There are 2 protein chains.
Amino acid sequence: MTQTFDIAIVGATGTLGETLVQVLEERDFPVGALHLLASSESAGASVAFRGKNVRVREVDDFNFAQVRLVFFAAGPAVSCSFSERARAAGCTIIDLAADAGVPNLVPEANSQRLTGLPTPVHIASPSSTAVALAVLLAPLREHLQLQQVTVTACLAISALGREAVSELARQTAELLNVRPLEPRFFDRQVAFNVLPQVGKPDADGHLHLERRVVSELRELLDMPLLKVSVSCIQVPVFFGDSFTVSLRSAGPVDLAKVTAALDSAASIERVENDDYPTPVGDAVGQDVVYVGRLRRGVDDPDELNLWATVDNVRKGGALNAVQLAELLIKDLV
Amino acid sequence: MTQTFDIAIVGATGTLGETLVQVLEERDFPVGALHLLASSESAGASVAFRGKNVRVREVDDFNFAQVRLVFFAAGPAVSCSFSERARAAGCTIIDLAADAGVPNLVPEANSQRLTGLPTPVHIASPSSTAVALAVLLAPLREHLQLQQVTVTACLAISALGREAVSELARQTAELLNVRPLEPRFFDRQVAFNVLPQVGKPDADGHLHLERRVVSELRELLDMPLLKVSVSCIQVPVFFGDSFTVSLRSAGPVDLAKVTAALDSAASIERVENDDYPTPVGDAVGQDVVYVGRLRRGVDDPDELNLWATVDNVRKGGALNAVQLAELLIKDLV
């Protein structure tokens, strides 16, 4: 009989937590007992797993010594409050909302970092944007002398939670029905509009997420000096992040080699230039990062431009965390 | 009495043509006779000007010798077919859909080029994206050793015409009402989605508009060697283009000087970092380019990032053309 692992998911009622449960089931992860945890407001709800409803309990009352593996899928404040308790109980932690300092991992980019981590292992699954970019750029490292990455991340509303998703739908209906717009979650019109930020900028004008993606990407690619510029914009899309990416190499880009490297990567689906991938049409619900619109600079052979799209909740979050768990349990057996 | 000018507008029934008529009226342009022209399908319609309805006539039958100044606001095919006739009749031409080879002008960036042009003058008002970027970057030329410009242009549907605008509304309503989606103008879902291209890419993967913006921007800034990377994406926004812009200077960016230069430019409205401009909330209907989210690189002082938004039809098109006409008539008097 296969060994099973007792697992806790903190933040089980959110979009990310529910997707985690679903991905564990889909991938036949050897789950023994599954403990779903949330704040007191969400406790009492239930989430389906393997045909049964699992009741969500309060994280405050939970004894982490009951489980081997904990996923943190609530906000950074929750990770911060409870990860120490889980660690003290000897749990392996995969943190989807970690503070700086916890090592970030994306299996396709830096799985070698799993070796030799102090136990109990506490690792982070980075932002969806960093997951997508790392999956995409890791196989290109040997074919490009990568010097600079400039990214515009067009972020889906779903990363902000259910209230934000409802607001986009409500604002859109109000506008189509020529009713007065009443922004609540957002402070202005988000329907049929683009907002150039997600969260508040710091004193230097950077968003927390922009700084986070810069440092996560350097860490994941193990390129601490890589120049990275990230602009995060909020687009009126429910699910699926998408990215324009402009790369600068120290020498001419060999497009044939780049194409071959992308095509041989298991987690990348490349779309030819007679078509293109979109968040809604391609990425959502899928386990891969879609890439298209591959082209060099208009007259600059050292430049490589592309477009990518990913299911921010699934591949960018839950699936990356479960893939990490799959690697970790090899050592836990 | 002020001298007046007899004018023709070719493409008068399109969004751009109608806005041209409106801007000429608003700015009290010394219009004498106004001839509105269109293809045979659109002829017979009428457009309001100074409280009267002006009937739109067929461009094929028009005698260009009746006017001094012609605006071409239909597609490039129409400009190509009729501009030679207008030129032969001695008309000054402002072409909003010119082929390559016609000098591009944005008053805020390169009005000096008006001097010494061969007569009759034939000039082009460039793409909306190039207008916005030129207005924005022209006052920064002396404060940055500009080496590289990387732009993601988030384009509004309105640039594609009325049929595209209706389709975004119709698709959105279908999705909100859980009716089957029937794409017609677009070949897929554009509502709540982002499409990474506008038009078909060429053999090298570049869009016509991307190539156009690169060459127009170099021309407008008189920087033929400037590295420019442009990615055009179609966002589900009716009106107003917006841009993430990442600039690289040969030395550290002086943010105070950049801010002062932007603030002293008449056609730029800068928004402080405790707020931000959006296409719908700010740019639409306005005569200025809005800029915000001004910041250097996360740890790179040679990098400058910003966000800009412009009314693509008005400031990016019709108004730029009328501003050019205002400069030209000084010489025509």
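**Cavities**

I started with the largest cavity in this predicted model, which has a volume of about 100 Å³. My search ran on a 1 Å grid over the protein atoms alone, and a cavity is a set of points where a 1.4 Å probe fits but cannot get out. Grid points are joined across faces, edges and corners, and a volume is the space filled by probe spheres set on the points. I got seven cavities of 30 Å³ or more by this rule.

Next I looked up what lines the largest one, taking residues with an atom within 4 Å of a point. The lining has 19 residues, and A:Thr150, A:Thr152, B:Thr150, B:Thr152 and B:Thr244 lie nearest the centre. By class I noted five nonpolar, 14 polar and no charged residues in that lining. Here Ala, Val, Leu, Ile, Met, Phe, Trp, Tyr, Cys and Pro count as nonpolar, Asp, Glu, Lys and Arg as charged, and the others, Gly among them, as polar. β8, β9 and β10 of chain A, along with β8 (146-155), β9 (227-234) and β10 (241-249) of chain B, each supply at least two lining residues. My helices (H or I, at least four residues) and strands (E, at least two) are DSSP runs, numbered from the N terminus.

**Ground rules**

I number residues from 1 along each chain as its sequence is written, and I letter chains from A and number ligands from 1 in the order in which they are written. Local features need pLDDT of at least 70, side-chain atom pairs count only at pLDDT 80 or more, totals for chains, interfaces and linings use all residues, and side-chain values use heavy atoms, with hydrogens and water left out.

**Chain A against chain B**

I then went to the contact (heavy atoms within 4.5 Å), which takes 62 residues from chain A and 62 residues from chain B. The buried area is about 4,900 Å², with 54% of it from carbon and sulfur atoms; that is accessible area (1.4 Å probe) lost on putting the two parts together, summed over both. On the chain A side, A:Phe192, A:Tyr276 and A:Arg293 lose the most area to chain B, together 14% of what that side buries.

I found ten salt bridges across this interface, each a side-chain nitrogen of Lys or Arg within 4 Å of a carboxyl oxygen of Asp or Glu. One that I checked joins B:Glu210 to A:Arg295, with the closest N and O atoms 3.5 Å apart. Which element gives the largest share of the side of chain A that touches chain B? I found that β9(A) does, with seven residues. By class, that side has 27 nonpolar, 19 polar and 16 charged residues.

**Salt bridges overall**

Over all chains I have 44 salt bridges. Within chain A, I looked at A:Arg170 with A:Glu167, whose closest N and O atoms are 2.9 Å apart. These two sit about one helical turn from each other because they are three residues apart in helix α5 of chain A.

**Backbone oddities**

Most residues other than glycine have a negative phi, and most peptide bonds are trans. I noted a cis bond from A:Thr119 to A:Pro120, with omega near -10 degrees. A:Pro120 lies in the loop between α3 (107-110) and β7 (122-124) of chain A. In chain B, the bond from B:Thr119 to B:Pro120 is cis, with omega near -10 degrees. I also flagged A:Val178, whose phi is near 50 degrees, in the loop between α5 and α6 of chain A.

How values were computed:
1 Å grid on protein atoms, 1.4 Å probe; cavity = no way out; pocket = protein on both sides within 12 Å on 5 of 7 lines; lining within 4 Å.
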